Amino acid sequence: MRLGLDIGGTKTDAVAVDARGVIVERVRLATGFGADAVIATALDGVARIAEATGLSPLEFESIGVGIPGQVDVATGGVSHAVNLGFDELDFGPRLTALLGREVKVENDVKAAALGAYHLMVPPTGAVGGLVPSMAYLNLGTGLAAGLVIDGALWRGSRGAAGEIGHIPVDPNGVLCPCGQRGCLETVASGSAIARQWGSDDPIPARSLLAAAASGDETAIAIRSLLVDNVAAAVRVLVLTVDVELVMIGGGLSNLGDWLLDEVRRVLTSWAEESSFLASLGLDGRVRLVPAGFPAAAVGAALVGAPRASAGAEAGADADDQHDAGGPDDNALDGRRDDERMAEWLK
Ligand SMILES: [Zn+2]
C-alpha cells in the first residue's frame, strides 16, 4: 500500500493506493495556511489514511506529497509556495522527522503527470515491450506540463522539462511574471482568462464561455485564443518529445468534452494545411484526465515506486510560475482555479 497527498491552495487530497495502483481510500481536508499549518495538514492527511486503512504510517511502502511551488526532489525542500503562505520550507525533512520514515516530495504538476500516466498504464510489476510515453498538460492558474518517458518522470537536467507555459508565442503580448513577453501561459490558462475577461464571476471561464455563446465578440476572441494556444501546447509537446499521449488536466480541463472537441478541431484544421502535421496524428493523441480523478495524489503515492523514481535524482525543479503565482493569481479568494472549477461542476 502506498500513500499520496496532493496539497492544494485550499484543499488537500489524501489517497491510499494498492499494489495494482487502485485507490482504496481517499479523504479531502482543508489546507492550512502557512508553513506550520501546511505541515499539520499533511500529518492529518497521513493519520486519516492510516486510520482508514488500519496501517501505521511506517507500514506504507511509500509516502509521497505533491505540492505547488519549486521542489528540490533531492532534499525535499519547497520554495515559492505563495498560495500556501510560505517562501521556503524544509518540508520533506520535517515530515520525515515527524513521521519517523522517508517522505518523497514532488511538484504537484509532475506528480499529476505520474498519476495520469498510471491511469493509462497501470503498474503491473512486469514492464515488457513498449511503454508509451505521455505528457500531462496542466491548465490551471498557469500552464505547465509534466513528462513521463518510459514510465519515469523526466525532469530534465535542472527540473525545467515541461515548463512550456513560458515559451513566448507572441512578441507583442503582455509581460509574463517570468520576465518574458507573450508566454503561452499569458493566453492559455486560468490566469490568462481572468486577466483578459474582467468579471465578477469567481470562475471567469464560466462567464467567458457564456458570453461567447451569446455572441460577444470580445469573449469569442479570447475563447479562440485559449483554444488555439492549448492546441499549440499539444503541438509543442508532440514535436519536442513525440509523446504518444497528451493528457489535459487542471482546472480548465473541467470544461470537459467541449474543450477536447475544440482542441481537436484546431489540430485537425492545422493538419488539413500541413501534410507533415497530418502525418503525426495530433488530434488522436489528446485526452482529458477524467473529472474528479485525483491525479496528483495518486502520482504522489507512486513517486516512491521503483519505475516512477527512476529519474528522481535528476535535480531540483525549475521555478514553477504556474502555481507559485504572482500577486494577481487567485486575486478573488485565494483558491486555485482547479478547485473553483471542480466546485462549479459538482
Ligand atoms: Zn513566462
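Me: Which residue in β8 stands opposite Gly64?
Reply: This is a predicted model, in which local features need pLDDT of at least 70, side-chain atom pairs count only at pLDDT 80 or more, and totals for chains, interfaces and linings use all residues. Residues are numbered from 1 along each chain as its sequence is written. Strands (E, at least two residues) and helices (H or I, at least four) are DSSP runs numbered from the N terminus. Opposite Gly64, in β8, stands Lys104.

Me: How many bridges join β4 to β8?
Reply: Two strands pair if DSSP finds at least two bridges between them. Strand β4, residues 62-67, runs parallel to β8, and the bridges joining them number four.

Me: Which are the edge strands of the open sheet?
Reply: The sheet has five strands with mixed pairing, in the order β3-β2-β1-β4-β8. Each edge strand pairs on one side only; these are β3 (23-30) and β8 (104-107).

Me: Why is α1 oblique to α2?
Reply: Axes are lines fitted to C-alpha atoms, for helices over the stretch in contact, and angles run from 0 to 180 degrees between N-to-C directions. Angles under 35 degrees count as roughly parallel, over 145 as roughly antiparallel, 65 to 115 as roughly perpendicular and the rest as oblique. Helix α2 (residues 91-99) packs with α1, their axes 11 Å apart, at an angle of about 45 degrees. That angle makes the pair oblique.

Me: Which residues of α2 make the contact with α1?
Reply: Contact requires C-beta atoms, placed from the backbone, within 7 Å. From α1 come Ile39, Ala42, Leu43 and Val46, and from α2 Arg94, Leu95, Leu98 and Leu99.

Conventions
Two residues are in contact if their C-beta atoms, placed from the backbone, lie within 7 Å.
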